[in-house]
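Trainee: I would like a close look at one part of this model, with enough of its surroundings to place it. Please take it slowly and keep to what can be read from the coordinates.

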Amino acid sequence: MANIALSSVGKTFSGAPALQDITTCFEDGEFIALLGPSGCGKTTLLRLLAGFEMPSAGEIRIGDRQLANGDTGMMVPSEDRNMGFVFQSYALWPHMTVRRNVSYPLEIRRFSKAEIAAQTDVALEATGLSAYADRMPSELSGGQRQRVALARCLVSDPDAVLLDEPLANLDVALRATLQTVFTDFHKRTRATMVYVTHDQAEAMAMADRIAVMDRGQIQQFDTPQNLYERPKNRFVAEFVGRGTVVPVRSVETSDVAAHGHVLGARVEVQSNHERPSHVCLRPENLTITETGDLRARVARVTYLGGKYLLETVAECGTRLMAETRAKFDVGMQLGLTITTPWAFYEE
Amino acid sequence: MQKGGSRSEGRLLGAILVVAICLTLAPVLRLFVEGFADQGAIGLTLASEVLSQPATLTALKHSLVTAGLGTVVSLVLGAAFAFLVALTDLRAKGALVFCLMIPMMIPPQITALSWTQIMGPSSVLLKTLGIAPPLGTPQPLYSAEGIILLLGIQHMSIIFLTLRAGLRSIPQDVVEAARISGARGLRTWWQVVMPLTLPSLAAGIAITFVTALGNFGIPAMLGIPAGYVTLPTLVYQKLAGLGTSVLAEVSVLAMLIGVVAVVGILVQRFFQTRQKVFLVGATSRPLAIPLGAVRLPVEILLWAVVCVILVLPMFGLLATSLVPAYGVPLRVDTVTLTSWWEVLFRQPVTTRAFANSFGLAFGAAFVLVVLCLPLAWLMERNPTRLSRVFDSLLDLPYALPGVVLSIAMILLLINLPFTEATLYGTIWIIFLAYLARFFAVMFRPVQASLKQLDPAMGEAAQSVGASLFQRLRDVIVPLSAPAAAAGGILVFLTAFNELTVSALLWSSGTETLGVVIFNLDDSGETAMASALAMTIVLVVMVLMIAVQLLSRRFPKGVVPWQT
């Protein structure tokens, strides 16, 4: 068990960069989520860790062991890395029973028959699959198949478990159940887990830290709370939660608080930068009041269950999202008050 | 693009690729070199000399005429069947398709032999029925027309298969759209279905022409007695009569056939890529136009045609194989199994041929399975520039006429480099020629099944620590075993029946079954030739039925007659 460290890792596919200059460290025992829109490079990063792809530049280490170096061409093949990988398609071997699928990694490691049987039983028990041990994968449901895939990668006690959108092919109810399976498992084993997803709710619910990726780069690597409350740039602010990014002008910072001009109103802002340029307005930063800082017109109403999401257009043309328990009709005028939004600096 | 995978995969791919290229492309390359670089001016003089000989020109003309008109016959039969089977609601389509595949799988010399047994003055079947023409009348099939007819029947399956595949890819909604716009009946067929199928039809015509051009069995059995010589039989006669002293001369002829064939192959490729453009889009349900009241008559007609081209000749063959001597009518008191007994157990030549053909076919199937399975998987996973070039060329030894490949093999192996040894005259030259010729027969089904295999299957094994060998043994081989088995059976089937290549490469002691049937018939032992041919037909049928029965377990695209 050890930290996974990447330094200046890059990957190009026939000239087109898929990953650029990734330098980061995943701590031992952490549950990491790689989050981003499709094509952002998150799966490529995971496949680099697994050894299915060779980095074009930079170095990947686990502890003090070098796994791959794109500059020297050195690479430890996947089969010698001792990592577990859970595939989106499950990748169960259709010609083997559930038990054989799970015990195969132990066979490869030349364990004795008794040890294989004992450890396989433990893994099947842990994933609740004991009753299905002698079935073929084709006789299982989607959720059961994903449990087999998880059991298969756990059985060999890997240094890290890599998961590539493992819940993407399952329905909503099953997803929630399996999320708890994954988090419970993580709590019990304290194995390092790297989890790729494009679903931010999934990432928020499970991960200790989330790396938000876009265009082959990590935009922000932080805890779920910080990503939501203290986004570093426009992409993160807009991708995580429903944030609207607007400019902030003439910021004055005092010892206690900072104030700036947002959409023509003078409001208090929070920031860790001395001269922030933008603020992120989330629904909870906006309150509907008669005597609001700015006037807006309701353009669209969506019922969320118990509350409404209002898409409003301010007088200056900016679209702002607000939440309310009361019902408003499209076309109504209302006032909005801005309360302490997060401000950041972006060129 | 490097798709990933480990370095050991790259090394293994390189090693197998070199072996595969040496096997398949080296002979073709060697023939090419012979023609263009090796001999320079002398070669050109020889080439122009050979090409201006009247015998060459006549043979070229005969080849083009028989192949061209034979293709027309194939087109008429194959297209009629394809349109009816693919577009309408005929019953028992599976059985019909299976029967239409049999002509392709029965070796041409047996087709020719069986047809001569139901025509002409000495036909046992006609004599038995008392309708044989008087002695002295010529065998009508010993003519250009006979060759054309049998070439047409032999290759109708090719047109049928390609056209049917093209038709099945037309979604029903295009035809429904035409109907809702007001087009009816034949107008839909002519204005919507036909334009969409033209590329696959053109590709089918081109490849049928190439196959007919390279056919040796039919013109050899029917043309040589009539003095009607085509290019493949000319090459055979020269090489059989004068030995390797005419090697330079026959390689010019082989190249002539090769050039015509390559043009045909290029035409086929061109239309095949056109077809792919059309195939984009969802193919929902295939078409099934109701025939209504004419369904039963159409079905009767189709099955009657199948009877005439398939069952009748086989009865002729069977009748001949059961009489004591050729020309004796078949009666209760003349029925004998002597010929069967002779060819199966007594004649040393036929038993040797059985052993040779079985060994060659089994050996070729085995070696090709071992070679193609890892190669196809590695090429799928780590495509390199070399592997892609190889992928586009590996059909060449199979698509080129057998005569061309045989001459290329002789040129390559008559003097092994750096030694005095030669493989010419040994069984190994036939074996290597079979490996080259049937490489594509094995490779394509395996490739088709591996393309459908989730790449994560191998990666999952890799991530749990399985080495390259373990991954192949435990995951890839079991998962592609059905396709490999189908490919193996197909290779066995084609190699077991092969005539063209072995006819040019055999020598005493290395006869194959194809050669022996040809020689028995040539020396007048028609009854024994028929018994041997019947045995082979039975083996072919059993193997085809085995593939058919297993076909449900194979991935799509593995069994050639199930598209």
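In what order do the 5 strands of the open sheet in chain A follow one another, and is the pairing parallel or antiparallel?

Mentor: Bear in mind throughout that this is a predicted model. The open sheet is formed by 5 strands of chain A in the order β16-β20-β17-β18-β19, and the pairing is antiparallel. Its edge strands are β16 and β19 (319-324) of chain A, each of which pairs on one side only, and from one strand to the next the twist averages 45 degrees. In general, the strands of a sheet pair through backbone hydrogen bonds, either parallel or antiparallel.

Going through the sheet from the β16 edge, strand β16 (residues 286-289) of chain A is joined to strand β20 (residues 333-338) of chain A by 4 bridges in the antiparallel sense, and within this pairing Ile288(A) has Leu336(A) in β20(A) as its bridge partner. β20(A) also pairs with strand β17 (residues 294-303) of chain A, again antiparallel and over 4 bridges, with Ala296(A) standing opposite Leu334(A) in β20(A). At the other edge, strand β18 (residues 308-314) of chain A runs antiparallel to β19(A), and 6 bridges join the two; here the bridge partner of Val313(A) is Arg319(A) in β19(A).

To place the sheet in its chain, note that chain A is divided into domain 1 (4-229) and domain 2 (242-344), and that the C-alpha centres of these two domains of chain A lie 39 Å apart. Chain A also has a barrel, which 5 strands close in the order β12-β13-β14-β21-β15, with mixed pairing; in the barrel the twist from one strand to the next averages 50 degrees. One of its pairings joins strand β12 (residues 244-253) of chain A to strand β15 (residues 278-281) of chain A through 4 bridges, the two running antiparallel, and Val246(A) stands opposite Val279(A) in β15(A).

The contact between the chains brings in other elements, and takes 26 residues from chain A and 21 residues from chain B. On the side of chain A that touches chain B, the elements that give two or more residues are α1 (42-50), β7 (83-86), α2 (98-108) and α4 (142-154) of chain A, while the residues of that side divide into 14 nonpolar, 7 polar and 5 charged. One of these elements, α2(A), is mostly covered, with 8 of its 11 residues buried; among the buried residues are Val98(A), Arg99(A), Tyr104(A) and Leu106(A). The cover over the buried residues of α2(A) includes α3 (113-126) and α4 of chain A, and α2(A) is followed by Arg110(A), which has a positive phi near 55 degrees.

As for the partner, chain B has 24 helices and 0 strands. The radius of gyration of chain B is 25 Å, close to the 24 Å that the globule rule gives for 563 residues, so chain B is as compact as a globular protein of that length. The C-alpha trace of chain B spans about 75 × 75 × 50 Å along its principal axes, and 46% of the 563 residues in chain B are buried. Of the contacts in chain B between residues at least 6 apart in sequence, 81% join residues at least 24 apart.

Conventions
Residues numbered from 1 in each chain as written. Chains lettered and ligands numbered in written order. Predicted model: local features only at pLDDT ≥ 70, side-chain atom pairs only at ≥ 80, totals over all residues. Rg over C-alpha atoms; globule rule 2.2 N^0.38 Å. Buried ≥ 20, exposed ≤ 12 C-beta atoms within 10 Å, placed from the backbone. Contact = placed C-beta atoms within 7 Å. Pairing = 2+ DSSP bridges. Axes fitted to C-alpha atoms, helices over the stretch in contact; angles between N-to-C directions. Nonpolar A, V, L, I, M, F, W, Y, C, P; charged D, E, K, R; others polar. Domains from an automatic or database assignment.
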